[in-house]
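Dear colleague,

I am handing over the structure below, and I would be glad if you kept it open while you read the notes that follow it.

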Amino acid sequence: MIFKDETQEHLLGFFTLAIKDLDISKLEIKEKKKLVFNGKSPSKVGVAPSYLIAHVAKNDYFSKEFPGVKIIEEAILIVDDVRRSIGGKLIILDSICIPKVMDLYKQFGFREIGETFTSQIGQELQLMVLSMPYSFD
């Protein structure tokens with residue numbers, strides 16, 4: 001959760017993080033190569049470990065002083081910190097299929113992967129993936 005100040009009275013936004021296996025078994029070899037670590041044979045890999053950013057939300061009451069970009073920046077910073085300790089390179093999220101939202105994620109380097117699907121509540125979603133650089137500089 002991201003608060004306006006230390007009093008934690010005003011919630012600006014939030015997100016959750018989890019570790020999830022990304023099913024890449026149905027992807028073409030060319031696409032798999034982009035997702036698996038060097039030295040692994042893409043044809044023999046069916047899943048790729050990843051960090052899932054989920055439940056991204058912001059408080060519209062503070063939208064002028066706190067843009068949604070800040071939420072994604074914070075999530076990526078935390079994932080980067082964690083991966084320095086335990087490894088990994090992929091970040092995934094399920095984006096609602098609204099161009100403005102998808103464009104926000106694309107600003108960070110996320111790209112669409114696979115087909116769109118419908119959530120349990122009837123929203124059309126698109127899986128998006130970000131491959132983090134190997135360097136921890």
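Arg83 is a good residue to start from, because its relative accessible area of 2% makes it buried. Please keep in mind throughout that this is a predicted model, and that the values below were computed from it.

What does the side chain of Arg83 meet? It meets the side chain of Asp80 in a salt bridge, with 2.8 Å from N to O, and both residues lie in helix α2, 3 residues apart, which is about one turn of the helix. Asp80 also counts as buried, because its relative accessibility is 16% and the cut-off for buried is under 20%. The side chain of Asp80 forms a salt bridge with Arg84 as well, at 3.2 Å from N to O, and these two residues, again both in α2, are 4 residues apart, or about one turn of the helix. Arg84, however, is partly exposed, with a relative accessible area of 40%. Taken together, Asp80, Arg83 and Arg84 are linked in a network of salt bridges.

The structure holds 4 salt bridges, and one of them joins Glu31 to Arg111, whose closest N and O atoms are 2.4 Å apart. Because Glu31 lies in helix α1 (residues 29-35) and Arg111 in strand β5 (residues 111-112), this pair ties together parts that are 80 residues apart in sequence. Glu31 is buried, at 18% relative accessible area, whereas Arg111 counts as partly exposed, at 28%.

How many aromatic pairs does a search of the whole structure find? The search finds 1. In this pair, the rings of Tyr105 and Phe110 have centres 6.0 Å apart and planes at 65°, so the arrangement is edge-to-face. Tyr105 counts as buried, with a relative accessibility of 8%, and Phe110 is buried too, with a relative accessible area of 3%.

Tyr105 appears again in the largest pocket, which has a volume of about 620 Å³. This pocket is lined by 23 residues, and those nearest its centre are Val56, Ala57, Ile96, Val101 and Tyr105. The elements that each supply at least two residues of the lining are β3 (47-58), α2 (69-86), β4 (90-96) and α3 (99-107), and β3 gives the most, with 7 residues. By type, the lining residues divide into 14 nonpolar, 5 polar and 4 charged.

The second largest pocket holds about 270 Å³ of space. It is lined by 16 residues, of which Leu22, Asp23, Ile113, Gly114 and Leu127 are the closest to its centre. Here β2 (11-23) and β4 are the elements that give two or more residues to the lining, with β2 giving the most, at 4 residues. The lining residues of this second pocket divide into 8 nonpolar, 2 polar and 6 charged.

Finally, you can follow how the strands named above are paired. β2 and β3 run antiparallel and are joined by 10 bridges; in one of these pairings, Asp21 has Pro49 in β3 as its bridge partner. β3 also pairs with β4, this time in the parallel sense and over 2 bridges, and the partner of Tyr51 in β4 is Ile91.

With best wishes

Key: Residues numbered from 1 in each chain as written. Predicted model: local features only at pLDDT ≥ 70, side-chain atom pairs only at ≥ 80, totals over all residues. Heavy atoms only, no water. Phe/Tyr/Trp six-rings, centres within 6.5 Å; stacked < 30°, edge-to-face > 60°. Buried < 20%, exposed > 50% of the residue type's maximum accessible area, 1.4 Å probe, protein only. 1 Å grid on protein atoms, 1.4 Å probe; cavity = no way out; pocket = protein on both sides within 12 Å on 5 of 7 lines; lining within 4 Å. Points joined across faces, edges and corners; volume = space filled by probe spheres on them. Nonpolar A, V, L, I, M, F, W, Y, C, P; charged D, E, K, R; others polar. Pairing = 2+ DSSP bridges.
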